[in-house]
Amino acid sequence: MIINHPILGPRDAQEFTYLGDASLIERPDPQAENADETFHDYVYLRDNPAGEHQELWYHEQGDRSWLVVTRNTLTHEITDVQLARDAARARGRSK
Amino acid sequence: MRYSGLRVIKEALTGHKGWTPQWRNPEAKKHYDVIIIGGGGHGLATAYYLAKVHGVTNVAVLEKGYIGGGNVGRNTTIIRSNYLLDGNEPFYELSLKLWENLEQDFNYNAMVSQRGILNLFHTDAQRDAARRRGNAMILNGSDAELLDQDGVRAMYPFMDFENARFPIKGGLLHRRGGTVRHDAVAWGYARGADMRGVDIIQNCEVTGFKIEDGKCLGVETTKGFIGANKVASCVAGSSSRVMEKAGMRLPIESHVLQAFVSEGLKPLIDGVITFGAGHFYVSQSDKGGLVFGGDLDMYNTYAQRGNLPVVEDVIESGMALIPSLGRVRLLRGWGGVMDMSMDGSPFIDKTHIDGLYFNGGWCYGGFKATPASGWCYAHLLATGNSHEVATEYRLDRFKRGYAIDEKGVGPQPNLH
Ligand SMILES: Cc1cc2nc3c(=O)[nH]c(=O)nc-3n(C[C@H](O)[C@H](O)[C@H](O)COP(=O)(O)OP(=O)(O)OC[C@H]3O[C@@H](n4cnc5c(N)ncnc54)[C@H](O)[C@@H]3O)c2cc1C
């Protein structure tokens with residue numbers, strides 16, 4: 001697989017390590033009443049879809065950036081790559 | 001029909017005209033006591049033990065393709081009882097005991113071969129870990145022997161013992177482990193279940209559940225609605241896809257594992273060897289091919305094929321261990337999709353929906369679990385209670401803080 005890095009251009013997926021579902025960006029509020037429940041779901045449960053999947057890849061052997069890659073889990077086709085930083089900001093995380 | 005040596009001779013002398021199909025191909029009834037979704041090893045074993053041990057015979061196994069076409073026919077066939085943790089080892093020991101008697105029990109040649117598994121170690125720390133694991137195994141009634149380098153050399157002199165980076169210091173030998181003819185396991189259980197009245201319905205995909213007032217009343221399938229008192233999901237790599245139809249999210253990711261087989265060779269490896277310094281394990285099939293594999297491709301996937309980087313990694317690790325492999329030609333490679341759970345351990349449990357049961361999360365170790373998985377799932381379905389060796393395999397164990405994490409790597413499915 002080739003990941004089209006937003007800054008570095010097309011890179012072999014071998015340069016990256018894989019973390020998992022990009023929903024990990026959305027850490028729940030630890031102060032909330034139901035934090036027990038929301039953290040259990042956040043840490044342990046996954047949608048695990050057959051089809052389009054947004055996921056976190058880390059460019060370990062490159063510029064060490066985290067990326068959000070949109071990839072089809074049935075065909076391995078990659079349709080979108082963003083810096084995780086940008087994706088996180090777009091989801092309203094950090095200022 | 002009972003199979004026996006005498007029968008083979010009789011058929012040989014009479015032109016093999018007396019053999020009959022091993023299971024029927026029935027139409028689905030409108031309603032069953034139990035519907036099992038998934039005709040893999042675990043689903044068929046569950047049906048077999050439901051019928052044989054618990055006398056529950058009004059059972060259907062619904063399989064979307066053909067039985068044995070899933071991971072039960074794609075794995076590298078290794079069986080073993082060499083786990084460390086209390087939540088696991090008694091279960092796998094029961095499984096190995098069932099394997100030891102399986103062929104007599106279901107009257108089918110599954111070629112169970114207890115040829116021994118050798119887990120190599122390359123450092124002092126790994127030796128300590130092997131000793132600890134061996135002790136845990138022995139405490140749970142399994143067998144383990146710690147070999148030093150000479151002991152390993154006597155078994156497999158052709159390995160690269162003085163490799164500069166990963167010298168082989170010894171190994172943990174589990175003599176009762178071995179290999180089994182995987183397809184025959186599916187066929188043997190299918191035949192045994194069918195003989196006792198279980199309907200095996202192939203080309204019948206479950207597409208949804210009928211759930212009313214928190215109770216599961218049956219399943220929607222490509223052959224129409226089929227009602228049931230109890231519905232038991234058992235679909236290995238498809239668990240999330242199927243349970244999502246019941247509105248459930250699981251502590252599971254689907255990943256592909258690849259395996260490879262070489263051209264046929266003269267006898268070289270009479271047991272199973274696992275490399276301790278990289279991802280590689282190997283055995284030799286009775287046809288002579290070296291059967292080997294390594295690690296996951298590491299990313300979520302439902303494609304039953306892997307990518308080249310893992311092929312390279314597996315072969316490099318193989319070469320580091322057995323340099324003579326460089327002369328061997330590869331015949332085939334393939335992949336299977338497995339449900340990797342958050343702690344690397346499986347689930348055999350009721351769900352929060354009345355009448356709906358779940359079996360899954362077997363990761364890459366589910367073939368060896370087949371008999372005990374069927375045994376314990378049947379027990380749960382028939383009695384309503386977890387079998388005593390499967391009490392830890394609950395879906396809510398993360399909530400309660402009871403993960404069964406053999407490797408201690410945390411909730412990261414691809415690392416287990
Ligand atoms: C390459 C590879 C090597 C492995 N090596 C080993 C090993 O050496 N030792 C070991 O112990 N384990 C090994 N495993 C793991 C083992 O194969 C699996 O954990 C185990 O086979 C899973 O259980 P099963 O046999 O029931 O799965 P499967 O045979 O996959 O059965 C599940 C069935 O469910 C069916 N299904 C799915 N969705 C639906 C639906 N909606 N409706 C109806 N039916 C459906 C599928 O078609 C399939 O037939 C390996 C796996 C792979 C991929």
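Trainee: Which residues make the nonpolar surface patch of about 250 Å²?

Mentor: In this predicted model, local features need pLDDT of at least 70, side-chain atom pairs count only at pLDDT 80 or more, and totals for chains, interfaces and linings use all residues. Residues are numbered from 1 along each chain as its sequence is written, chains are lettered from A and ligands numbered from 1 in the order in which they are written, and side-chain values use heavy atoms, with hydrogens and water left out. A patch takes residues with over 30% relative accessible area (1.4 Å probe) and no salt bridge (a side-chain nitrogen of Lys or Arg within 4 Å of a carboxyl oxygen of Asp or Glu), joining like charges within 9 Å and nonpolar side chains (Val, Leu, Ile, Met, Phe, Trp, Tyr) within 5 Å. Here the patch is made by B:Met1, B:Val8 and B:Trp19.

Trainee: What is the relative accessible area of B:Met1?

Mentor: Buried means under 20% relative accessible area, exposed over 50%, and partly exposed in between. B:Met1 counts as partly exposed because its relative accessible area is 32%.

Trainee: How many of the 14 residues of H6(B) are buried?

Mentor: Helices are DSSP runs (H or I, at least four residues), numbered from the N terminus, and the buried residues of H6(B) include B:His182 and B:Tyr189. H6(B) is mostly covered, and the number buried is 12.

Trainee: How many residues does domain 2 of chain B bring to the contact?

Mentor: Domain bounds come from an automatic or database domain assignment, and the centres of domain 1 and domain 2 of chain B, taken over C-alpha atoms, are 28 Å apart. In their contact (heavy atoms within 4.5 Å), domain 1 of chain B supplies 30 residues and domain 2 of chain B supplies 31.

Key. Buried means under 20% relative accessible area, exposed over 50%, partly exposed in between (1.4 Å probe, protein chains only). Helices (H or I, at least four residues) and strands (E, at least two) are DSSP runs, numbered from the N terminus.
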